[in-house]
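Dear colleague,

Please find below the structure that I am handing over to you. My findings follow it.

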Amino acid sequence: MAEVTYLEALRQGLLEEMERDPEVFILGEDVGKYGGAFKVTEGLQARFGEDRVIDTPISEAAIVGAAAGAAHMGMRPVVEMQFMDFIACAYDILTNYVATARYRAGLSTPIVIRGPSGGFVRGGPFHSQNPEAGFFHTPGLKLVCPATVRDAKGLIKAAIRDDDPVIYFEHKYLYRRIKEDLPEDEEILTPLGKARVANEGADLTIVTWSAMVWKALEAAQTIEQEDGATVEVLDLRTLLPMDDEAIVASVRKTNKVLIVHEDTRTGGVAGEITARINEQAFEWLDGPVMRVTAHDTPLPYAPTLEDHVLPQTDDILEQARWLLAY
Amino acid sequence: MARVDVIMPQMGESIAEGTVSRWLKSVGDAVKRDEPILEISTDKVDAEIPSPAEGVLAEIKVPEGETVEVQTVIAVLETDKDAAVSAPSEPVAAPEPVAAPEPVAAPDAPAPAAPRGDGTVETAEERLRQRSTPLVRKIAAEHRVDITQIHGTGHGGRVTKKDILAFIESGAPPAPVAPPATPAAAPAGAVVHPTVEAWPGDRVEPMSKIRKLTADHMVMSRRTSAHVTSFYEIDFTGIARIRQAKKQEFQDRGAKLTYMAFIVKAVADNLQKHPVLNASVSGDAIVYRKAINIGMAVALDWGLIVPVIRDADDLSMLGIAKSIVDLADRARTKRLNPDEVQQGTFTITNPGVFGSYIGTPIINQPQVAILGVGAIEKRPKILTLDDGQDVIAIRTMSMFSLSYDHRVVDGADGDRFMADLKRDLENFPEGAL
Amino acid sequence: MVTPTANLESLPAGLSRDQLVELSYYLALTRSLEERLVNLYRQGKVIGGLYRSLGQEGESVASAYALRRGDVLSPLIRNLGSMLVMGARPVEILRQYMAKAKSPTAGREMNLHFNDIDVGYLGQISPLGDMIPVMAGICLSFKSRGQSRVGLVYIGDGGASTGTFHEGVNFAAAQRLPLVVIVEHNGYAYTTPTSAQTGVERLADKAKAYGIPGVTVDGNDVLAVYEITKDAVECARAGGGTTLIEVVTYRRKGHAEHDDQRYQPEEEIAEWAETNDPIDRYTDRVLRQSWATREELDDIQARVDRELDQAVKECEEDPLPEGGTALAQVYASPPASERLWFRGLHG
């Protein structure tokens, strides 16, 4: 066992897949010699050479398009977005070309687009976004949002092996803040579409993912200590495919659901989860499905403003307590 | 004395911690503003940290080689030249926001859905939905429990999963006086009972669920309906004679022939003729009930309960008599089914059982009338004989009171009903048995 | 006081002696303000990132100096000098970097991402290239209203690889808009050298693809940048359309202060610092041509220091914005009641 960070776990996953499969290669801005803006790919170019870790121009649309072409030919490109905010620059090619390729043209496009998303780092409006909802709505894409060190590794490996295009939302706040012992002699491979019960509970389910899992766990702990109720925290791990079975099982167990996400509220993924619960577990609800999300604003820069706009542990606590008393 | 903190800066968005690599100044050294005082290293970069103020390095909190989280205070500067270096640390934090221009007030959380401001009343559907969740309704259906009879501890009196499970757990579900599960004409909002000062030596105990529910219901009913009460004296002499004659026969057939059986029979017959008394008010509409389900208030040691004789107009005297005994018996032994206390359309209460001459009953919502039956006993009564002569006779008499909802039942309606009821009871045909 | 010895004929680029000295002031102000920001950053007071323009101040100041009142420019994060020339105040920059409530964006946006179109600048957003079509639109308004105003937009050697750069320049060229596009060729886009960014040797060559003039200038020669920009600006003002100017310079600091720039050879950085610093070069020329004396320049630096002392003092202890102020002004007329934006409806 060795203690690694979330960021190191990602790097291990990339390295192992590149070792396993010579078709796996990385492309993106500053990923080579420098190892990426956050150093996720540090050392990989030295290890695998400039042909397998490619520094590109600042051209997100071209990077994604080129990855798609290589993927059609049987390669397994892993694209880094320097910040996930900039995936918007590749929105056209991702939604119109990549997502439709299999359906329209029978083309396999096994690419992974990964990069740092999320706030809490004073990054301002263009270095803090959680742009999953825009792609969640696009059939043909898979969305992965690891919350733990182990999943960071296990899910990136599974994403690379997946035959569909995967957008892999890392959380930059977690990069160097969480650490975990990972076994060195065992392959970690986390299947896409299987949620994880991060905390068992009986009175309320919090459905969440990525960095919010940690805030939900904090809230769950406080409630257990101060209120005597137990909260189940369900870490979805992947938004597409979504583990409906795990959600419904937890709803049937606790009968109350709070969905927590860092993205803004209107049109956020929580709305879809709510709809699925209504469709599949309506009679098991002992309260309305509620949401804790960011406010519907661009993400501001000042710490006071960012902290106000983003969901905090206290917001989760407040809403959870209200729902528990419902 | 002024002290200024030196903090570990965050140099990079993902950077969570930094290491003090070297102190360039020692405690006691004078430093100028922006003069380098230490070197740090992070996962990304090494940097010299300039002093945030002019002063003396008063305290080093993090030694060389140690790694701390960003924003951690790593040293303290004394900016007052005269202050001792060893003075206790009293960190001056980085400036906190104290005020901002044009603060935008967060919108107030909306009031919980509750009494409507426009004075309209919620519909039965609304009331049901507000009182229960899908899960609670599912459990209620499975266990045949009337949700409205459960005291809710959730927001706005909502029945929670815990409430209904506890209710079912408690054995035979008691069926307190409560509105049936169908239309309700109650204004939304919980009843608030004023608090009263307890004097020394007083005993204060919380109301039981059934007591609280009854209390709320009574106040709610008074607030909902325009109560008026009419009184009629009924001569039971004829019925007493029939009862005496048929008592044994009924007993042989497993029933007990009570005065109440006659009253229920006559009431059921007359409700057919006077549908406005077998009705409910729903918003601006009147619901005339097809079924005639007569509730019969039963006093128990732990409260009041109203089992319902369903479709009383379809029952024979024997059927009615059997029902009365059966329901009352099972009410006392907590063996009533939930649906046996639901969907009453008219209620009879019997204060006379304790000897009361008569009472003024409160309507059992959402019904529009309730009949009170006073003591049935022998009283002197003036009779006019066929020849016009008045005599005082010993008759079996009872005083009846009808409280009815004047919103939809006019005085004439109530009195006609009572007059018909009186006539039928006083001329009860023996053959009807 | 010093008596100027230069006669008017010897002054270059049609600039007066006062203007030449004023350029020195802006150069000193830009560099010193950034140095203050570095200290504030390392003291934990600047929030987020800090982006230096060390070694590039000359082209920022000189190109902006070629504009006149009414013109509008859109800077990048390294165009602090351009912002100051256009009229942004150091205290505004400091407040932006420290996310103060009184900053021009009330703490919502960072560093140079702020606007005063009336004064003449429109802040960028982080996705590079987006400001080129936006500036084309601003110039479209000048043109369609018959105004003799000009727009100027900066892009880097990296940003010139984006789709929006191409679409924006092409649009401006096709519409013959009064826009000057300055491509700052400073050698690195974050860590990526220009050779990995594009196949062209000279970024000015890109102009050919759009059918507009493309010129290259020594970005660390202040007056050369001024003159070439001035020509392009006046051409645009006269209806001559769009020009692309490649200014060749060098980024002596990392992409940001948290970047250890290990990918830049140390000798390369040292060489530019020692032999090709734009401020040193300009100062030498000022002194050599006697446009000002050493004492005058020292006075300018002293004035800059005083102004910055004052500016730092003015805002350092200012509060951050109140959290609740984050919610206003998302829309002119909100599409839903505000409570929909508000977490914890039942809280």
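Among contacts in chain B between residues at least 6 apart in sequence, what percentage join residues at least 24 apart? The share is 68%. Please note that the model is a predicted one. Chain B contains eight helices and 19 strands, and of its 433 residues, 40% are buried.

In chain C, I looked at helix H2, which covers residues 57-65. Nine of the nine residues of H2(C) are buried, so this helix is largely enclosed by the rest of the structure. The buried residues include C:Glu57, C:Ser60 and C:Ala64.

H2(C) packs with helix H7 of chain C (residues 222-237) at an angle of about 35 degrees. The axes of the two helices are 8 Å apart, and the crossing of H2(C) with H7(C) is right-handed. On the H2(C) side, the contact is made by C:Gly58, C:Glu59, C:Val61, C:Ala62, C:Ser63 and C:Tyr65; on the H7(C) side, these residues meet C:Val222, C:Val225, C:Tyr226 and C:Thr229. The residues of this contact comprise six nonpolar, three polar and one charged.

Chain C also touches chain A: 40 residues of chain C are in contact with 41 residues of chain A. On the side of chain C that touches chain A, 18 residues are nonpolar, 18 are polar and four are charged.

Yours sincerely

Methods. Residues are numbered from 1 along each chain as its sequence is written. Chains are lettered from A and ligands numbered from 1 in the order in which they are written. This is a predicted model: local features need pLDDT of at least 70, side-chain atom pairs count only at pLDDT 80 or more; totals for chains, interfaces and linings use all residues. Axes are lines fitted to C-alpha atoms, for helices over the stretch in contact, and angles run from 0 to 180 degrees between N-to-C directions. Helices (H or I, at least four residues) and strands (E, at least two) are DSSP runs, numbered from the N terminus. A crossing is left-handed if the near helix is turned anticlockwise from the far one by less than a right angle, and right-handed if clockwise. Two residues are in contact if their C-beta atoms, placed from the backbone, lie within 7 Å. Ala, Val, Leu, Ile, Met, Phe, Trp, Tyr, Cys and Pro count as nonpolar, Asp, Glu, Lys and Arg as charged, and the others, Gly among them, as polar. A residue is buried if 20 or more other C-beta atoms lie within 10 Å of its own, exposed if 12 or fewer, and partly exposed in between; C-beta atoms are placed from the backbone.
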